[in-house]
Amino acid sequence: KRFTYQYRIIHKDGSIRWLESKVIPILDENGTLIRRDGIVTDITEKKENEKKIAEGEHFLKEAQQLGKMGNWNIDLIKKETYWSDGLRTIHGVDKNYKPTYHTFLAMVHPDDRDSVEAELYSANTLGYANDITYRIIRANDKTERVIHTILRTERDSKGKIIRIYGLSQDITEQ
């Protein structure tokens, strides 16, 4: 079978290098192994970049937790919604929760729902960058929280709005 594995070595200059080996067995017409072909690639830079990304994600998660914040975005082309872990905490949902526009609106306090919907409509159709404050009812404990959200939009090369971004912060204590 083909296989790939990664490992570290100590280079002759003393540095630690990451290598990836890919091995491909070559069989004869009877299925007998006659040789193994392979290639070894230095993936040190890739590994270092992965580490930097993981550290950045960790620091972002910590910052969101400390600030009681979370980010989200709605891809209007793919019709997909993303919520960060921080936003999930604010709304009282777990990692398995699949956010949608409608499930979000259902969490918005009934007295604030029309104004939130109007702001999202403005962002979606006109591209306005808005700051809005509204209340939600958390999913897990049904407590009321006050949320401040900053909305921004992204346009394609033709000027069509293709994504809405948001940063939401729980400002209940304030």
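**Exercise 1. Determine how strand 1 and strand 2 are joined in this predicted model, and how they run.**

Solution. Strand 1 covers residues 3-10 and strand 2 covers residues 16-27. Eight bridges link the two strands, and their direction is antiparallel. Together they form a hairpin, with five residues between them. Within the turn, Gly14 has a positive phi of about 95°. Across the pairing, Tyr7 of the hairpin faces Leu19 in strand 2. Tyr7 also belongs to one aromatic cluster, together with Phe3 and Tyr5.

**Exercise 2. State how many aromatic pairs the whole structure holds, and classify the pair of Trp83 and Tyr97.**

Solution. The search yields four aromatic pairs. For Trp83 and Tyr97, the centre-to-centre distance is 5.4 Å and the angle between the planes is 40°. Planes under 30 degrees apart would count as stacked and those over 60 as edge-to-face, so the remaining class, tilted, applies to angles in between. The pair of Trp83 and Tyr97 is accordingly tilted. The next step places the two residues: Trp83 lies in strand 5 (residues 80-83), while Tyr97 lies in the loop between helix 2 (85-91) and helix 3 (101-107). The pair therefore ties together parts that are 14 residues apart in sequence. Both Trp83 and Tyr97 are buried.

**Exercise 3. Identify the ring whose face lies under Lys47.**

Solution. The ring is that of Trp18. Lys47 lies over its face, at 4.5 Å from the ring centre.

**Exercise 4. Describe the largest pocket by its volume, its lining and the classes of its residues.**

Solution. The volume of the largest pocket is about 240 Å³. Its lining consists of 13 residues, and those nearest the centre are Gln65, Lys68, Gly86, Thr89 and Ile90. Helix 1 (44-66) and helix 2 each contribute at least two lining residues. Sorted by class, the lining has seven charged, four polar and two nonpolar residues.

Two of the central residues can be followed further. Thr89 is located in helix 2 and is exposed, with a relative accessible area of 56%. Its C-alpha is 37 Å from that of Tyr5, and the two residues are 84 apart in sequence. Lys68 sits in the loop between helix 1 and strand 4 and is partly exposed, at a relative accessible area of 40%.

**Exercise 5. Describe the largest cavity by its volume, its lining and the classes of its residues.**

Solution. The count gives one cavity of 30 Å³ or more. The largest cavity holds about 150 Å³ of space. Of its 16 lining residues, Trp72, Ile74, Trp83, Phe104 and Leu120 lie nearest the centre. Trp83 is also a member of the tilted pair with Tyr97. Among the elements that each supply at least two lining residues are strand 4 (69-75), helix 4 (113-126), strand 6 (131-137) and strand 7 (144-155). By class, the lining has 11 nonpolar and five polar residues, and no charged residues. The lining of the largest pocket, by contrast, has seven charged residues.

**Exercise 6. Give the phi values of Lys68 and Lys79, and state whether Lys79 is buried or exposed.**

Solution. Lys68 has a positive phi of about 50°, although it is not a glycine. Lys79, likewise a residue other than glycine, has a positive phi near 60°. Lys79 lies in the loop between strand 4 and strand 5. Exposed requires a relative accessible area over 50%. At 67% relative accessibility, Lys79 therefore counts as exposed.

Definitions and conventions. Residues numbered from 1 in each chain as written. Predicted model: local features only at pLDDT ≥ 70, side-chain atom pairs only at ≥ 80, totals over all residues. Heavy atoms only, no water. Phe/Tyr/Trp six-rings, centres within 6.5 Å; stacked < 30°, edge-to-face > 60°. Helix = DSSP H or I, 4+ residues; strand = E, 2+ residues; numbered from the N terminus. Buried < 20%, exposed > 50% of the residue type's maximum accessible area, 1.4 Å probe, protein only. Lys NZ or Arg CZ within 6 Å of the ring centre and 35° of its normal. 1 Å grid on protein atoms, 1.4 Å probe; cavity = no way out; pocket = protein on both sides within 12 Å on 5 of 7 lines; lining within 4 Å. Points joined across faces, edges and corners; volume = space filled by probe spheres on them. Nonpolar A, V, L, I, M, F, W, Y, C, P; charged D, E, K, R; others polar. Pairing = 2+ DSSP bridges.
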